[in-house]
Amino acid sequence: MNGKKLIPPGLVYLADNITAKQNILGTAKKEGARWAQDLNLPPKAETVFFAGCGYQYSSQLESLMSLIRMMDRSAVGAELPMRLAALPRKLGADLAGLYGKVSARGSYADIQPLIAAAKVLSNLGVKFGYLAEDEPCCGAPLYYIGLHKDFAHNARKAYQKLKSSGVKRVIGIVPSCTYALRNLFPLFIDEYDLEVRHFTEVVLANISGRKLNFPRKVKVTYHDPCQLGRYLEIIDEPRQILSAINNIELIEAEGTSGEWSTCCGGGGGFEAVFPELSQILATNRARELAETGAQIIVTQCPGCIMQLKSSLKELKADSVEILDLAQVVAMAMET
Amino acid sequence: MSAFSDYKKELMAAARNERIRLALSRAIKSYRANTDKALKKFPHTIKMAEEVREIKEKATQEMARLAEQASGAIEENKGNAYIAKTAADALNIIAELVGSNKLIVKGKSMTGEEIGLREHLEEKGNDVYETDLGEFILQKLGAKPMHITSPAIHVPREDVAQLFARITEVELTSDIEELVATARKLLRDKFCQADIGISGANVVASDTGTLFLIENEGNIRLATGFPPVHIALVGMEKLVPTLNDAYKTTEVTWRYANYIVPSYVSLVSGPSKTGDIEKVTTYGVHGPKEFHVIFLDDGRTELAKHPILRQALYCLRCGGCLYECPTFAVTAGHFGDKYFAGIGAIWAAMISQDVEKAASIAYTCLTCGRCKVRCPVKIDIPETIIELRKLIAEGDKRD
């Protein structure tokens with residue numbers, strides 16, 4: 001077959017960033033690690049919390065995506081948005097960082113799920129560290145783009161980095177990173193021996209007997225991210241956690257929950273290639289979730305959160321809140 | 001990248017079209033409700049589907065042998081069987097059997113669509129009527145099917161009324177019953193007058209050479225029963241070893257195509273015959289005197305060798321995955337080529353050998369995996385898509 005020229009340019013952009021800068025946006029690594037600066041997490045530990053790119057760069061990603069969508073909608077053709085994205089990189093400018101600063105709205109809010117997750121784990125007595133700017137990128141988009149040699153190379157490097165930091169166990173939070181570390185790395189690394197669990201599994205294992213009260217009575221629906229539900233098969237766990245919290249009434253989206261969950265339209269770099277279509281799909285999903293009558297949509301994926309947040313605005317359903325499960329649990333622990 | 005740009009433009013035009021979205025959202029709702037009901041009424045189907053997966057896995061590995069066996073059985077039944085290595089071979093065989101200036105009634109066939117059979121026969125000077133109502137509408141509109149079991153899924157009734165009014169030169173309301181009656185009237189004579197009937201097949205039993213044809217309208221019964229000649233074009237992936245295997249595969253197919261039971265399943269093994277006068281077997285009584293079956297390879301035996309991509313050959317064409325695809329829900333068959341949505345990319349790459357088209361479809365797939373949950377034979381479409389992307393991005397040994 002014909003090789004790299006058939007890969008849509010948006011994906012080439014993501015791939016280049018991962019291989020060159022170890023994160024999907026090609027931004028500076030220490031930017032991403034800022035969320036944890038006040039948490040005093042040990043930089044070395046046998047069990048580490050793996051924050052991943054998605055949440056760490058979500059405010060920058062959001063700004064970049066809204067720019068890409070605007071360009072895509074303005075009928076300038078299919079590839080232009082990503083050429084535009086590549087241009088400043090060629091000139092040496094940090095586009096993502098730049099737009100992050102320009103919009104500068106709520107970048108603090110976007111990293112709340114990470115802070116909440118770390119607090120929840122500490123509160124449950126889980127001992128863990130955080131590698132901060134030494135955390136390697138899992139490189140998952142390379143795998144989905146089809147660049148398996150690059151993915152394998154990146155995976156081996158990442159594995160070595162984790163091993164040399166003395167890591168034995170990983171607690172993942174981004175579904176895609178967790179799936180990559182748990183299911184994809186072993187395909188490319190002989191005698192892979194990291195124990196990888198998702199945040200949800202760790203929480204559920206340590207939560208029994210805890211009193212959890214959400215600060216107010218709410219109706220909640222849960223959106224299963226594709227990689228967490230269908231790929232990692234973590235479907236019951238988040239529901240068990242939500243059901244263990246007082247004041248929360250869980251309502252399911254009829255016919256589209258669990259393994260039947262509808263994708264938010266952000267799967268596998270799709271939003272970088274088809275920004276407008278991706279938004280249409282996100283709006284369809286947001287509608288299904290909003291129709292449950294829930295006041296809060298709980299999910300656990302930075303991609304899903306970003307997609308659903310912007311479509312709720314479009315649906316003028318701003319009264320519906322979107323929270324990460326980690327935030328919900330953290331709030332329920334405070335009261 | 002211009003092929004991709006064109007594709008994206010077409011895809012986005014579809015995605016912005018509210019009518020497609022409306023038609024699809026209704027179809028999806030009723031598909032899910034019907035399938036749930038059918039599976040609840042006959043819960044054994046789920047277990048049977050697992051068996052069918054095994055049947056297909058094995059059959060795919062011995063397609064060439066099964067094609068030989070089925071051909072032998074059909075010849076023994078006094079039919080004629082042909083194995084076409086390529087699409088061009090299949091078209092030549094059929095064109096030779098048909099000749100020109102013939103009136104042909106045709107049942108819906110995805111394999112026919114795959115090789116452009118109708119267009120080819122029209123070019124040879126034949127008058128070809130699609131008889132499946134959806135296909136008939138599309139033929140008259142000059143449009144392409146947008147779903148494998150409901151080809152005209154994206155055409156609202158008002159458009160059908162307009163179209164039929166133009167053909168009949170009679171004012172028509174958009175009352176669906178009236179539209180269906182009009183189609184019946186338009187096609188009725190064609191069945192009787194046709195020189196040749198053409199069909200596909202959903203499943204073929206290799207031991208007896210029996211074609212299984214699932215339908216609801218009755219057009220396939222008429223098209224394969226009324227004219228003096230019946231020609232069937234069948235992809236080799238439709239072959240299973242025994243009648244019993246074929247029955248199971250057929251039942252699972254229709255149930256996941258949202259039917260408790262379809263109105264008709266025809267089993268055709270040979271030409272029409274009688275021995276009623278002095279026990280002398282004579283062919284062509286009420287049904288066709290000639291029965292021809294063309295088994296099409298065109299890359300299928302090659303595809304069967306690929307450890308991951310060969311799953312595409314297990315496909316029963318029930319159409320279930322399409323109803324679960326979030327992208328298909330807003331674009332219909334514009335997300336696809338001859339076959340639609342994610343799995344369409346594998347067919348485009350390996351059978352139609354259109355790598356650019358295949359890449360465009362492959363990179364449109366969300367790899368969200370809901371299709372796999374629906375698929376009766378559990379084809380891991382995301383896995384095949386990612387494998388195909390690997391072949392596209394990193395090149396293939398065959399380069």
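**Two chains, their domains and their packing**

Colleague: At roughly what angle do the axes of helix H9 and helix H10 of chain B cross?

Modeller: This is a predicted model. In it, the axes of helix H9 (residues 157-168) and helix H10 (residues 176-193) of chain B come within 10 Å. Their crossing is left-handed. The angle is roughly 35°.

Colleague: Which residues of H10(B) does H9(B) meet?

Modeller: H9(B) brings B:Arg157, B:Val160, B:Ala161, B:Phe164, B:Ile167 and B:Thr168. By class, the residues of this contact divide into 7 nonpolar, 2 polar and 1 charged. On the H10(B) side, the residues met are B:Ile176, B:Leu179, B:Thr182 and B:Leu186.

Colleague: Strand E4 of chain B next. Which of its residues are buried on one side and on the other?

Modeller: E4(B) spans residues 196-199, and both of its faces are covered. One side carries B:Ile196 and B:Ile198. The other side carries B:Gly197 and B:Ser199. The buried residues are thus B:Ile196 and B:Ile198 on one side, B:Gly197 and B:Ser199 on the other.

Colleague: Which residue stands opposite B:Ile198?

Modeller: Look to strand E2 (residues 103-106) of chain B, which runs parallel to E4(B). 3 bridges join the two strands. Opposite B:Ile198 stands B:Lys106.

Colleague: And which residue of E7(B) is the bridge partner of B:Gly197?

Modeller: Strand E7 covers residues 229-235 of chain B. E4(B) pairs with E7(B) in the parallel sense, over 4 bridges. The partner of B:Gly197 is B:His230.

Colleague: How is chain B divided into domains, and how many Å separate their centres?

Modeller: Domain 1 of chain B takes in 2-41 + 306-394. Domain 2 of chain B is 62-300. Taken over C-alpha atoms, their centres are separated by 24 Å.

Colleague: Which element gives the largest share of the side of domain 1 of chain B that touches domain 2 of chain B?

Modeller: The contact takes 27 residues from domain 1 and 26 residues from domain 2 of chain B. On the domain 1 side, the elements that give two or more residues are helix H2 (18-41) and helix H14 (320-324) of chain B. That side has 17 nonpolar, 6 polar and 4 charged residues. The largest share, 11 residues, comes from H2(B).

Colleague: Is helix H17 of chain B mostly covered or exposed, and what covers its buried residues?

Modeller: H17(B) runs over residues 355-362 and is mostly covered. 8 of its 8 residues are buried, among them B:Val355, B:Lys357 and B:Ile361. What covers them includes helix H1 (2-15), helix H16 (341-350) and helix H19 (381-394) of chain B.

Colleague: Now the chain contact. Which element gives the largest share of the side of chain B that touches chain A?

Modeller: This contact takes 32 residues from chain B and 36 residues from chain A. On the chain B side, H1, H17, helix H18 (370-374) and H19 each give two or more residues. By class, that side has 16 nonpolar, 6 polar and 10 charged residues. The largest share, 7 residues, comes from H19(B).

Colleague: What percentage of the residues of chain A count as buried?

Modeller: Chain A has 18 helices and 7 strands. Among its contacts between residues at least 6 apart in sequence, 82% join residues at least 24 apart. Of its 335 residues, the share that count as buried is 52%.

Colleague: What is the strand order of the open sheet of 3 strands in chain A?

Modeller: The edge strands are E1 (47-50) and E3 (195-198), since each pairs on one side only. The twist averages 25° from one strand to the next. E2 (residues 169-172) and E3(A) pair in the parallel sense over 4 bridges. There, A:Ile171 has A:Arg197 as its bridge partner. The order is E1-E2-E3.

Colleague: Which element gives the largest share of the side of domain 1 of chain A that touches domain 2 of chain A?

Modeller: Domain 1 of chain A is 4-59 + 106-203, and domain 2 is 209-334. Their C-alpha centres lie 21 Å apart. 28 residues of domain 1 are in contact with 25 residues of domain 2. The largest share of the domain 1 side, 7 residues, comes from H8(A).

Terms used. Residues are numbered from 1 along each chain as its sequence is written. Chains are lettered from A and ligands numbered from 1 in the order in which they are written. This is a predicted model: local features need pLDDT of at least 70, side-chain atom pairs count only at pLDDT 80 or more; totals for chains, interfaces and linings use all residues. Two strands pair if DSSP finds at least two bridges between them. Axes are lines fitted to C-alpha atoms, for helices over the stretch in contact, and angles run from 0 to 180 degrees between N-to-C directions. A residue is buried if 20 or more other C-beta atoms lie within 10 Å of its own, exposed if 12 or fewer, and partly exposed in between; C-beta atoms are placed from the backbone. Two residues are in contact if their C-beta atoms, placed from the backbone, lie within 7 Å. Domain bounds come from an automatic or database domain assignment. Ala, Val, Leu, Ile, Met, Phe, Trp, Tyr, Cys and Pro count as nonpolar, Asp, Glu, Lys and Arg as charged, and the others, Gly among them, as polar. A crossing is left-handed if the near helix is turned anticlockwise from the far one by less than a right angle, and right-handed if clockwise.
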